[in-house]
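Student: Please take a close look at a single part of this model. Walk me through it in one go.

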Amino acid sequence: MRGPQWLERGMHHVWLPYAQMRTAPPPLPAVATRGRTITLADGSELIDGIASWWTACHGYNHPHIRQAVQAQLECMPHVMFGGLVNEPALTLATRLADMLPGDLERVFFTDSGSVAVEVAMKMAIQYWLNQGESGRTRLLAFRGGYHGDTMATMAVCDPEEGMHSLYAGALPEHFMTDLPTDDMRTQALDSLLAQSAGRIAAIIVEPLVQGAGGMLFHSPEVLRTLRTLADRHGVLLILDEIFTGFGRTGTLFACEQAGIVPDIITLSKALTGGTMALAATVARRHVFEAFLSDNPMHALMHGPTFMANAMACACANASLDLFEREPRLAQVARIGAQMRAELEACRHLPHVVDVRVMGAIGVVELDHIHDMNALKAALVAQGVWVRPFRNIIYVTPAFTITAAELRVLTTAIHTVLSGSVQV
């Protein structure tokens with residue numbers, strides 16, 4: 001059956017992400033979403049197991065968010081944030097400051113997670129420059145980490161994971177080491193900071209879960225260690241909560257499980273409930289105060305065109321309403337318990353090396369995936385939208401997913417892994 005005309009014509013002009021377009025199978029044409037379901041052009045439906053890259057935490061087309069978009073569209077969809085402000089943005093900034101731990105109180109809005117991390121990096125480096133320390137131009141990041149696809153953020157991603165290794169010679173060099181998950185690694189990090197703190201502006205880490213690096217989990221104690229070492233050696237601590245923020249790990253923010261406050265935090269993805277593009281970089285009071293000066297060169301010189309877009313901020317405010325009104329964290333706990341019980345059946349299947357769950361993140365790790373395209377197609381044939389990568393199959397559903405829908409997802413993974421598909 002031929003696809004719709006827009007698909008036939010448009011595929012000759014679009015450049016797809018993360019795809020070798022000479023050999024990749026054609027993408028599936030989506031025409032509608034509702035709840036946890038994606039409808040394709042041929043009328044078939046898929047249960048979305050990854051919430052559109054972890055964004056649609058309330059499910060698709062939530063009426064409260066839709067109403068907020070419609071209302072904002074009618075009065076003011078966008079106005080520049082240079083010299084002007086708007087009510088949705090200021091309300092959102094106030095709400096984020098109130099819900100984040102400690103004195104994380106100054107919000108800089110952008111429109112993507114990668115740019116939010118770039119702004120955090122600029123804040124950290126300029127924090128020291130504004131105080132006369134010109135040598136602190138490097139960050140310290142961790143193997144297994146992922147912080148975005150722009151030129152600056154690629155430089156603090158794992159250099160060996162393959163996604164960005166092609167650009168190695170074009171990227172600035174930062175310090176890269178292992179997470180302090182044991183005494184030996186903690187001592188090594190302590191020594192590295194003792195030797196090089198004068199060159200380091202900040203430590204950057206994804207708290208509790210390194211997402212695109214393979215859904216790698218670590219304990220809250222690792223975050224407490226990083227906070228201690230950052231304080232001991234006088235460097236800033238940046239937590240990249242673009243994936244983990246807004247309930248995904250079981251608490252509203254992952255750093256709450258460690259009882260720490262970063263100097264800078266980045267947020268995106270679920271910030272608007274998956275409806276519009278928006279991100280935020282939030283700094284503590286002492287970081288912001290380092291930019292206050294009579295010297296215009298001490299200002300943070302960054303300003304995306306669609307910064308603090310009024311419709312996107314209205315979306316985010318509606319999403320925060322839902323976290324306040326509906327039992328999202330209880331739903332995350334229920335999802336986690338069900339995934340632990342149901343994914344455990346995969347543990348003894350061929351090629352499975354680990355099964356792990358944190359919050360609403362379920363992971364089946366394989367020793368390898370031989371034919372990724374065949375694996376993806378087999379999952380679609382089971383009626384689910386799950387996108388394995390590297391050597392893992394993961395599930396990060398909407399928090400509103402029903403037990404029956406989640407069972408379809410976990411059963412599909414078990415069925416495919418125990419069937420005829422060669423992984």
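Tutor: Here is a look at the annotated binding-site positions, residue by residue.
The model is predicted: local features need pLDDT of at least 70, side-chain atom pairs count only at pLDDT 80 or more, and totals for chains, interfaces and linings use all residues. Residues are numbered from 1 along each chain as its sequence is written, and side-chain values use heavy atoms, with hydrogens and water left out.

The unreviewed UniProt entry places "binding site" at Trp53, Tyr146, Lys269, Gly303 and Arg387. These positions span 335 residues in sequence, and the farthest two C-alpha atoms are 33.8 Å apart, so they do not all gather at one spot. UniProt positions are given in the numbering used here, feature names are shortened, and annotations may be inferred rather than shown by experiment.

Take Trp53. It sits in helix H2, residues 51-54. Helices (H or I, at least four residues) and strands (E, at least two) are DSSP runs, numbered from the N terminus. Trp53 has 45% relative accessibility, so it counts as partly exposed. Buried means under 20% relative accessible area, exposed over 50%, and partly exposed in between (1.4 Å probe, protein chains only). Leaving aside neighbours within four places in sequence, Trp53 is in contact (heavy atoms within 4.5 Å) with Pro17, Tyr18, Lys269 and Tyr394. Lys269 is itself on the UniProt list.

Now Arg387. It lies in the loop between strand S15 (384-385) and strand S16 (392-395). Arg387 is partly exposed, at 33% relative accessible area. With neighbours within four places in sequence left aside, Arg387 is in contact with Ile50, Lys376 and Tyr394. Tyr394 is thus a contact of Trp53 and of Arg387.
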